[in-house]
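Please walk through this structure with a few of its buried residues and its cysteines as landmarks.

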Amino acid sequence: MLPAFDTITGLPVNDFRISDGFKKVNDDKGVGLAEIGTFQLEFQYLSDVTGNPIYAEKALRVYEQLAKVKVPIPGLYPEKIHADNLTILGKVKISLGGMSDSYYEYLLKMWLATGHEKFYKLYETAANDLTHTAQSFAKYMVKYSNDGFLYIPTGFVTRDDPALEPQIQFEDIFNHLACFAGGMFSTGAVAARTLHHPRSEWAHLYEIGQNLTEYCWQMYNRTNSGIGPEVVFGATLTSSDGRYQLRPETIESLFYMWRYTHAGVYRERAWTIAQAIDRYCRVPGGYHSLANVESPRQGGLNRQESFFLAETLKYLYLIFADDDTIALEKYVFNTEAHVLSVRGHGRRKQASDFVPLPYR
């Protein structure tokens, strides 16, 4: 995969031919935020267990280059960036959904995996702007449904003058993909306690994670099938895209909330979802997606995604397993729920084997 990074800026291309290194470049030379920000965890791990720093060097250079991009709100990056000149392509679209989601997830998990606060600071900038632990909460990204449930929609941002507040035009939709963020914000809050942050900071972030998880549960609780749709209208929590593609994100956040609270409600909700999936998605050969969660008996989609096994069922199982089954102080999940040991445990137990982090 290393030839993918042989570009002017070091931002990798999304497609290249392994046989001869031919790179497929988009006509606009754009790269997606999640595409260039969702391999750092794995590449740093690979450098640690092999002793070869090249993987970490290639992966972490992305963060150095992103720091050069001029964005309207510090820490929040648009979905697409020009790979050669690091300019923003099109409108500044800020989102926790697809194309952006796992970039923010990996900033936090790089800190959890390595212990280097640099990554937490990068995450904290993004998290603070997304959830207003500083001044950005109500002004910027957080919204509430008509009946009071918190969610974070997609926004298009303009800021002509740095001295003025940014202007944001929101899309009144919320994607199931963004439901992972309930777990992300709660994990960031719990981990921030180890840095002795004031309770007012981490407790607020925790509440954001908890409330966003509640919103995502409501996406399930309000449908005829008890299964959440692909997209809802944010203010009303009604389906905009009624498909269900066996996605894991809500269950993922329920898992983290269970681990941090042991409140029985999270197990109850997980079991309710599991029963609904088994009732409407199970067929003799496996599980299929649904065309419409409001009419689950009117036909399914003949497809079982790989993440259903890797993530959805894994997180369901872990909610009912004991806490020592993949202990969160020893392991971190990548964005597809594959397990990597953190430094000090597993194959990264010996500190003498760690590869120094580049670009301090």
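**Buried polar residues and a disulfide**

Ser225 is buried, because its relative accessible area is 4%, and this is a value computed from a predicted model. In the chain, Ser225 belongs to the loop between α8 and β11 (231–233). From that loop, the side chain of Ser225 reaches the backbone nitrogen of Ile227 at 3.2 Å. Leaving out residues up to four places away in sequence, the residues that Ser225 touches are Ala276, Tyr280, Val293 and Pro296. As for Leu309, 84 residues separate it from Ser225 in sequence, and the C-alpha atoms of the two are 21 Å apart in space.

The helix that precedes this loop, α8 (residues 199–221), leads to the cysteines, since Cys216 lies in it. How many disulfides does a search of the whole structure find? The search finds 1 disulfide, and this bond joins Cys179 to Cys216, with an S to S distance of 2.1 Å. Because Cys179 sits in the loop between β10 (173–175) and α7 (181–192) while Cys216 sits in helix α8, the pair ties together parts that are 37 residues apart in sequence. The link of Cys179 and Cys216 is left-handed, with -100° about the S-S bond, and both of these cysteines are buried.

Why does Cys281 not bond to Cys179? The closest cysteine sulfur to that of Cys281 is the one in Cys179, and at 16 Å it is too far for a bond. Cys281 also counts as buried, because its relative accessibility is 0%.

A further buried serine is Ser289, which counts as such because its relative accessible area is 1%. Ser289 is placed in strand β15 (residues 289–290). When its neighbours within four places in sequence are left aside, Ser289 is in contact with Tyr244, Gln245 and Leu246, and also with Gly300, Leu301 and Arg303.

Turning to the segment before β1 (15–16), one finds Thr9 there. Thr9 has a relative accessibility of 4% and therefore counts as buried, the cut-off being under 20%. Its side chain takes part in polar contacts with backbone atoms: the side chain of Thr9 reaches the backbone oxygen of Ala83 at 2.5 Å, and the side chain of Thr9 also reaches the backbone nitrogen of Leu11 at 3.4 Å. Ala83 appears again among the residues that Thr9 touches, which, not counting those up to four places away in sequence, are Arg61, Gln65, Ala83, Asp84 and Leu86.

Note on methods
Residues numbered from 1 in each chain as written. Predicted model: local features only at pLDDT ≥ 70, side-chain atom pairs only at ≥ 80, totals over all residues. Heavy atoms only, no water. Helix = DSSP H or I, 4+ residues; strand = E, 2+ residues; numbered from the N terminus. Buried < 20%, exposed > 50% of the residue type's maximum accessible area, 1.4 Å probe, protein only. Polar contact = N/O pair within 3.5 Å; in protein donor to acceptor, adjacent residues only side chain to side chain. Contact = heavy atoms within 4.5 Å. Disulfide = S-S within 2.5 Å.
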